[in-house]
Amino acid sequence: MRVKIFTLGCKVNQFESQAILRSMQEQGYTAVSEKDDAEITIVNSCAVTAASEQKAVKLLHRIRRENPETIIVLTGCMAQTSGKDSKGLTEVDIVIGNKKKGDIIPAIDKYLSQRNKLRQVEDFSGSDEYEALSVCDFSGRTRAFLKIEDGCNRFCSYCIIPYARGRVRSCSLEYIEKEIKGFAANGYKEVVIVGINLSSYGKDNGLKFADAISTACRAADIRIRLGSLEPESMDEETLRTFAGFDNFCPQFHLSLQSGCDKTLRRMNRHYTAQEYAEIVSNIRRVFDNPSVTTDVMVGFAGETEEEFLRSAQFVEETGFARTHIFPYSRRPGTAADRAPDQVPESIKKKRAAIMAEYAERARKRFLEAQLGRIEKVLLEARNKNGLYEGYTPNYTQVFVEADESLVNKVVDVELKTIEGDHIIGELKNT
């Protein structure tokens, strides 16, 4: 039978979707693209905001409208938070929660034999173990992802994820070594290590985050990059451990959310703006030419104009290489959704535009600091302008004239000029 999968949300979902497809192919299913007809259609959903769930609902409606006979499987965070309630999910034949995505194939077999709709959503408990899904191959991608941690214990006031993903659960070091070696054997030159709360790795099994990344870096001679991180876990000892590996990419995506302490307290974030700034300073002291990127929320419940401007100034002063800006989106079931003084959407939109101006000034300074450097770029694909694009270790995007034979190779490039959001480079020593 043919199967296709739609993936919504984060890099963790991308990893899990690939793992699901791999296991199904091993059982004789044929994977097809999203545009092709399939007997099985899987939607790996997101629930980080109410808008994310609505996007999944619209996709389910469209799938059923365009392919009335396909068997629709819903999994992911929306399946976990809303899957027990069949209302609004009439198109879905099978719902599999986040706890056991490895049960998708048995669930499909059961559905095919009985033709009764299935709802398999188990609540998380504190004793849950990590579900180790194997991939080793990301078809059509130059860069691979490896999930090493699931769940979150933080309970930020705006976030539903601890309920959708459970508590922190970590894989074994042996699993990390095996998967990295598998990626290397399949020709990958870079792996991005991801998790729901990645830097909490080891809180459940006595290990440290640095143990996991050290294992990954030692496993094979390929670049190791980190996914999104919570800032306060990046102590100086951990940073110096990372810096000891030549194949570690010094890009740190540290979720900020706000540069104002009052807003951070209402968000139930576990650091102050000053503590965050000290962590960034440590990164820049330990590493040569690192980048720090971030997420910033505007218009959070109760955010005053003064608090917003303080946050915007912090973003510019910190000098982020890139800032993902998003207006606060109310999420039913969270403390922030019930908070007073909700900010009107019009003000959120205005603040997002202003924040973008502050962030762009910082971004421009970062790009200017890259000019004249010779960096190792992993070339990934040819773009519509005929140039080949890739990324430096600190995740600066570079366009360069090259040859097809250099795709998926790490090459030396001199960074010459800024063009929009990227840098034009020139090949060296090839």
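Right after helix 6 comes Gly187, a residue with a positive phi, near 95°. The structure described here is a predicted model, and helix 6 is a handy place to start looking around it.

Helix 6 runs over residues 173-185, which makes 13 residues. From its first C-alpha to its last it reaches 18 Å, close to the 18 Å expected at 1.5 Å a residue. Its buried residues are Tyr175, Ile176, Glu179, Ile180, Gly182 and Phe183. Seen down the helix axis, these buried residues fall within an arc of 160°, so they line one face of helix 6. The spacing of such positions follows a simple rule: an α-helix has 3.6 residues a turn, so residues three or four places apart point the same way. On the face turned away from the buried side sit the exposed residues Glu174 and Ala185. As for what covers the buried residues of helix 6, the list includes helix 1 (11-26), strand 7 (143-150) and strand 9 (190-195), along with helix 7 (209-219) and strand 10 (223-226).

One of those buried residues turns up again in the largest nonpolar core. This core has 65 residues, and Ile180, Ile193 and Phe252 touch the most other members. Helix 7 gives the largest share of this core, with 7 residues. Ile193 keeps plenty of company: leaving aside neighbours within four places in sequence, its contacts include Leu146, Ile148, Ile180, Leu198 and Ile213. Ala216, Ile224, Arg225, Leu226 and Gly227 are also in contact with Ile193. Apart from this core lies another, of 30 residues, among them Ala56, Cys159, Met267 and Met297.

Next up is a sheet. Here 6 strands form an open sheet in the order 2-1-3-4-5-6, with parallel pairing. Strand 2 (30-31) and strand 6 (118-120) are the edge strands, each pairing on one side only. Strand 1 (residues 2-7) pairs with strand 2 in the parallel sense over 2 bridges, and Val3 has Ala31 of strand 2 as its bridge partner. Helix 2 (residues 50-66) packs on the sheet and touches strand 1, strand 3 (40-45) and strand 4 (71-76). The direction of helix 2 makes about 170° with that of strand 3. Helix 4 (residues 104-114) packs on the sheet too, touching strand 3, strand 4, strand 5 (94-96) and strand 6. In this case the angle between the directions of helix 4 and strand 5 is about 160°.

Further along the chain is helix 12 (residues 345-370). Its 26 residues should span 38 Å at 1.5 Å a residue, and its end C-alpha atoms are 37 Å apart, which agrees. Among the buried residues of helix 12 are Lys348, Arg351, Arg363 and Gln370, together with Met355, Tyr358, Phe366 and Leu367. The buried residues of this helix pack against strand 13, helix 11 (305-318), strand 14 (322-327), strand 18 and strand 19 (422-428). Like helix 6, helix 12 is followed by a glycine with a positive phi; this one is Gly372, with phi near 90°.

Positive phi values also show up in residues other than glycine. One is Asn289, with phi near 55°, in the loop between helix 10 (273-286) and strand 13 (291-298). Asn289 has a relative accessible area of 16%, so this residue is buried. Another is Asn408, with phi near 70°, in the loop between strand 17 (397-400) and strand 18 (410-419). At 22% relative accessibility, Asn408 counts as partly exposed.

Definitions and conventions
Residues are numbered from 1 along each chain as its sequence is written. This is a predicted model: local features need pLDDT of at least 70, side-chain atom pairs count only at pLDDT 80 or more; totals for chains, interfaces and linings use all residues. Side-chain values use heavy atoms; hydrogens and water are left out. Helices (H or I, at least four residues) and strands (E, at least two) are DSSP runs, numbered from the N terminus. Buried means under 20% relative accessible area, exposed over 50%, partly exposed in between (1.4 Å probe, protein chains only). The expected span of a helix is 1.5 Å times one less than its number of residues. The arc is that of the directions from the helix axis to the C-beta atoms. Contact means heavy atoms within 4.5 Å. A nonpolar core is a set of buried Ala, Val, Leu, Ile, Met, Phe, Trp, Tyr and Cys residues joined through side-chain atoms within 4.5 Å. Two strands pair if DSSP finds at least two bridges between them. Axes are lines fitted to C-alpha atoms, for helices over the stretch in contact, and angles run from 0 to 180 degrees between N-to-C directions.
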